[in-house]
Each structure stands twice: as structure tokens, then as C-alpha cells.
Amino acid sequence: MGWPLAVSAGLMDKSPRALFRALWALSAGHLLATFLVLLPFAFLLVLAEWQRSIQTGASLLVIGFGVYRLIARRHPRTLARIPPTQLALWSFAVAIAHGAALMLVPIYLGLCQAFEFDAGHEAAGALMKTSLGMAVLVSLVHVAAMVGAGGCLAWLVYRHLGLRFVSRSWFNLDAVWAASLVLVGAVALALNLASWR
């Protein structure tokens, strides 16, 4: 979600270097937030006897956060221009507020049931449960993919579409994202409750 800020930085400074400096700061903040959210769950594997309770709690947390984001949809208007020195802090704070790595937690905690057609989740879950180092590597790959996708969007908008397109066509993805959190949390909770029977 931070790529529009990179576009803004590039457009304000009229320099692609500003765009890439912004992407670097955004990636640093997002990576720190991912580590902060994911690493405690790595340590929770020691408490294997609490796995079912942790899975239920994580599902409810994802649902609750999604409902909260559906209700509290207001964004501050001051986000149009954040100095590069503060982008890493912004990225960290927003990634925590938006649930950085929460999409990895269901896989990590075994909430995602692997079916024959879903070898990707099974592989990711097996990798993440291997060791703390592997969980860190998964976090790094996640941030690299996020910055790569966001960076491509930022560069294309900056280079080819510009400020007029961004200001006229901007729409808020928070409602879609929040609804997907509620849906994923509900499915994970249903699967967890069904496995108790």
C-alpha cells in the first residue's frame, strides 16, 4: 500500500531517485514490521500443546482486525508527502497497524489445510516450521515480493501516468483488504473448529 507514497516522492522531487529512496525506506519499515509480527509466532511453536488455542485466537484476531478496518476507514490527509527520513517509520507503523505478516501466520500456525491442489501452502508451512532461520528467510522473500510488486506499480505510475491520473483515479483498497481479512479469519476459524470434532 506504500507505493503511492513513492510515486508522490518522485513526483514532488521530479526525480526517479526520490522514488527509489522512498521504496528503500518503505521496504525497511515493512521488513521490520514483518519480523516483529512473525518472530513471536516462531517462538510460540515451543508451546505445541497450546496450538489449537493459538489457532483459534489468531483466527479471531484476524477477524476482529478486519472488522475494525471496515468500521474505521478514515485515512489522514497528511500522507501525500512524507519526508524520506520518516518513510521507514511510517512503513513500520502502517505495516503493524495493517497486520504485517498476518497473512503468513495462518500458514505458520497450520491453519491452512493443504489439499492435493494446494501444494504451495503445504510447502510454505513446512519451510516456515523448519527453523527460526527459515521463518526469517520467508519474511525476507515476502518483503522482496512486496517491494518488487509495489515498486513496479510506483515506477509505472510515476513514469507513464503521473499525478493527474493518481489524483483522479485513486480509490481506497482498505475495504477490500479488510473484508478479505474477515473472510480468511472466518475460514480459518471454521476449519479449526471442524477439526475438533
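Serine 27 has a relative accessibility of 12%, so this residue counts as buried, the cut-off being under 20%. Serine 27 sits in helix α2. Setting aside residues up to four places away in sequence, serine 27 touches Val143 and Val147. The model is a predicted one.

**Confidence**

The chain has an average pLDDT of 76. A score of at least 70 is reached by 69% of the residues. Confidence varies by helix, and the two extremes are tabulated here.

| Helix | Place in the chain's confidence | Mean pLDDT |
|---|---|---|
| α5 (residues 105-108) | lowest | 62 |
| α1 | highest | 86 |

**Nonpolar core**

The largest nonpolar core has 15 residues. Ala6, Leu19 and Leu87 touch the most other members. Four helices each supply at least two residues of this core: α1 (3-13), α2 (16-43), α4 (84-97) and α7 (132-169). Helix α2 gives the most, with 5 residues. In soluble globular proteins, nonpolar side chains tend to be buried together.

Which residues does leucine 87 touch? Leu5, Ala22, Ala25, Leu26 and Ile82, with residues up to four places away in sequence not counted.

**Helix α3**

Helix α3 covers residues 51-71, 21 residues in total. At 1.5 Å a residue, this helix should span 30 Å. The C-alpha atoms at its ends are 30 Å apart, so the expected span and the model agree. Buried residues in α3 are Ile54, Gln55, Thr56, Ala58, Ser59, Val62, Ile63, Phe65, Gly66 and Arg69. An α-helix has 3.6 residues a turn, so residues three or four places apart point the same way.

Technical notes
Residues numbered from 1 in each chain as written. Predicted model: local features only at pLDDT ≥ 70, side-chain atom pairs only at ≥ 80, totals over all residues. Heavy atoms only, no water. Core = buried A, V, L, I, M, F, W, Y, C linked by side-chain atoms within 4.5 Å. Buried < 20%, exposed > 50% of the residue type's maximum accessible area, 1.4 Å probe, protein only. Contact = heavy atoms within 4.5 Å. pLDDT = per-residue confidence, 0-100. Expected span 1.5 Å × (residues − 1).
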